[in-house]
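Dear colleague,

Please find the structure below, handed over for your files. My notes on it follow directly after.

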Amino acid sequence: MTTAPKQCTALFSHQRSIFKLLLARCISVNALLGKSVLLILAWGIIFASDAGRAAVLHLSNGKLVRGEIVAETSRVLHLKTPLGILSFAKSEIISVEDSYGAGESALAQQLERSFEAGKTLDGLTILQRLSISSNTEELVSCDRVVLQNFSLIENFAKTNPTLTIETLKCYLFARATPPPSALFEKTFELAVATGDTSQTATLVKIPLQRKWDQLFDRQIVEQLLELCRNTDEMPLQDRLLIAAYLCCSITGQDNESQRLLRRTIDLVAETIQQVFAQLETKSVSASRAALETVNPLEIVPREKIPELFSNLIGRAHNINTTNTQLVILSWITANSEKIPDFDYSAALIEQHKLLVEAHDFGAARQLAKQWETRSPDLAALLLLKTEFYEREAALSPTEHAARYKLAKWACEMGLTEQGLQVFRRLLSSPVVGRACYLQLRQWKTCKDAAVLEEAIGLFRQGLYSSAAEKAELIANSREKSDLTTEASLLASLAKRQAKEAPEREKYRALALLQQAERHALRGEYPYARTCLERAQQMCRSAEILAASSVLQRRFPQLADTPRQESTP
């Protein structure tokens, strides 16, 4: 804030030459006009400091008037405005404020005059000139003007949306450093409001690729996720690029940030699925070519890729189109060398299952052999399954004896599930039906004996409620036998123990929950999950279940962590 000088009058800009002439003459006749020389010198000083100065007048009626000071007396100040030269009495002026900071450029002044005159198109033209020059200092000096007059730009965009968004986009990104967050946010909201999805995608792609993460607060990320998910007009490659880079911009560890990150990864997986769904092939080369332009594995942070793969495997399991399932799973396993620490067994088993169901046994065998060095046990299992399904496909439906032999071989080789399925299908066979029944009964006896052994182990650990449940399951699901009698006795004894010591179980369960919490705080999630499950098995009271739920909400990692059989 500065107050207007009151001692003398400033000269108009076109009077500079007259002033110099008078000054020269006054020096030569100073004897006659000594006081006049001092007065004219004072005028010159004031002229040099105030004439042509851009200013804002704060009037006593509350109004603000912008313009350029062209002259001033002790009582009146003359201001050049878009409406012409206006005169204001000093008595009605509260203060005079500089309109431009010392660092602001002439283009910023010209830009503000354009907006004040209502010439928004002229203002956008100035922004275009700034974008071409890429002068960062001038761009920054104009940011304040653009922000203050953004409502004019919004009105102009109603009739000229493409020109407006394109100009603002070039203006924002012609600089080497991020623009003001408020200016980017306003431009983003304007682009969304215009409905131009392509412009909006381009507007966010550039700062995401430049890693200007500070521009993307939680609100903008939420809006982008909704826009990408609900807009069919956005190209899949643009959607994939935006979603992948958003994974990089979300770095918070709080629950809300992690929830937002999971939504973003889900969008990446959904978009990859849509890209592959457009392919009418199951080849790995085609899937790679589909992601040549935007490879999410080169953008998404490495530590977040396992979650992306897990999401894709789950999606592949629920897709009805075999080709799309295969191309997704093939793409995941083909990138195993880039992410070697991920467990690919689920993807391999699902991919192998689809291949044998399609009777593509050569491809199934080749897939298994590719993993012989990295996962020999899994590769051996897949090779056995390939042989089983290939031999089964070669048999006719009436070859019951051959199918029975194949089922026995499968059970002996560890393919119990496949062998039992064949036995069940042959139960009505007059040739091998009785033999199949005996095989199934023997298998059930062995299975129940293993469950009973597990119930005995739970009883010895003091987990009486869980032991009773397992023992009753055997006692009630079979015909009366020595096995069911032993199970009934165990169930009765376990129930009695559970009834006599409920408080003891509760306190032991609470101790286990405390132990689980300590493991979780140290990041030892497998041990924490083991303690949590043991506590839930030991006592099923409302208090223990509520405490378990609180612990699971605090540490959501427990849900996806395998158990650890022994604690440290």
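The buried residues of α4 pack against four helices, namely α3, α5, α6 (150–157) and α7 (161–173). The model is a predicted one, and what follows should be read in that light. The buried positions in α4 are T120, G123, L124, I126, L127, L130 and S131. Because these residues cover an arc of only 155° around the axis, they lie on the same side of α4. An α-helix has 3.6 residues a turn, so residues three or four places apart point the same way. As for its length, helix α4 (residues 120–133) has 14 residues, which at 1.5 Å a residue should span 20 Å; the end C-alpha atoms are 20 Å apart, in agreement with that value. Just after α4, S134 takes a positive phi of about 55°.

Two of the helices that pack against α4, α3 and α5, are also joined by a salt bridge. The side chains of E112 and R144 meet at 3.3 Å, N to O. E112 belongs to helix α3 (residues 106–116) and R144 to helix α5 (residues 136–148), and the pair, 32 residues apart, links distant parts of the chain. Their surroundings are as follows: E112 counts as buried because its relative accessibility is 2%, whereas R144, at 26%, counts as partly exposed.

For the chain as a whole, there are 26 helices and five strands. Of its 568 residues, 44% are buried. Among contacts with a separation of 6 or more, 61% are between residues 24 or more positions apart.

The structure holds 24 salt bridges in total. Besides the pair described above, I would draw your attention to E270 and R229, whose side chains meet at 2.4 Å, N to O. E270 lies in helix α12 (residues 255–277) and R229 in helix α10 (residues 218–230), so this salt bridge ties together parts that are 41 residues apart in sequence. E270 is buried, with a relative accessible area of 16%, while R229 is partly exposed, with a relative accessible area of 27%.

A salt bridge within a single helix is formed by R529 and E533, with a distance of 2.9 Å, N to O. Both residues lie in helix α25 (residues 525–538), and because they are four residues apart, about one helical turn separates them. R529 counts as partly exposed, at 23% relative accessibility. There is also a network: salt bridges that share partners join E222, E226, E256, R259 and R263.

Helix α11 (residues 236–249) is another element of interest. How much of α11 is covered? The helix is mostly covered, with 13 of its 14 residues buried. The 14 residues should span 20 Å at 1.5 Å a residue, and the end C-alpha atoms of α11 are indeed 20 Å apart. R239 lies in this helix and is buried, with a relative accessible area of 4%. Apart from its neighbours within four places in sequence, R239 is in contact with C228, T231, D232, M234, L267, T271 and Q274.

Turning to open space, the largest pocket has a volume of about 810 Å³. Its lining consists of 21 residues, of which Q258, R262, E307, Q557 and D560 are the closest to its centre. The elements that give two or more residues to this lining are α12, α14 (305–318) and α26 (542–554). The largest share, five residues, comes from α12.

Finally, two loop residues deserve a check of their backbone angles. Most residues other than glycine have a negative phi, and most peptide bonds are trans. K211, however, has a positive phi near 60°. This residue is found in the loop between α9 (197–209) and α10, and K211 is exposed, with a relative accessible area of 51%. H359 likewise has a positive phi, near 60°. H359 is located in the loop between α16 (345–357) and α17 (361–370), where it is exposed, with a relative accessible area of 52%.

With kind regards

Key
Residues are numbered from 1 along each chain as its sequence is written. This is a predicted model: local features need pLDDT of at least 70, side-chain atom pairs count only at pLDDT 80 or more; totals for chains, interfaces and linings use all residues. Side-chain values use heavy atoms; hydrogens and water are left out. A salt bridge is a side-chain nitrogen of Lys or Arg within 4 Å of a carboxyl oxygen of Asp or Glu. Buried means under 20% relative accessible area, exposed over 50%, partly exposed in between (1.4 Å probe, protein chains only). The expected span of a helix is 1.5 Å times one less than its number of residues. The arc is that of the directions from the helix axis to the C-beta atoms. Contact means heavy atoms within 4.5 Å. On a 1 Å grid over the protein atoms alone, a cavity is a set of points where a 1.4 Å probe fits but cannot get out, and a pocket is an open set with protein on both sides within 12 Å along at least five of seven lines; lining residues have an atom within 4 Å of a point. Grid points are joined across faces, edges and corners, and a volume is the space filled by probe spheres set on the points.
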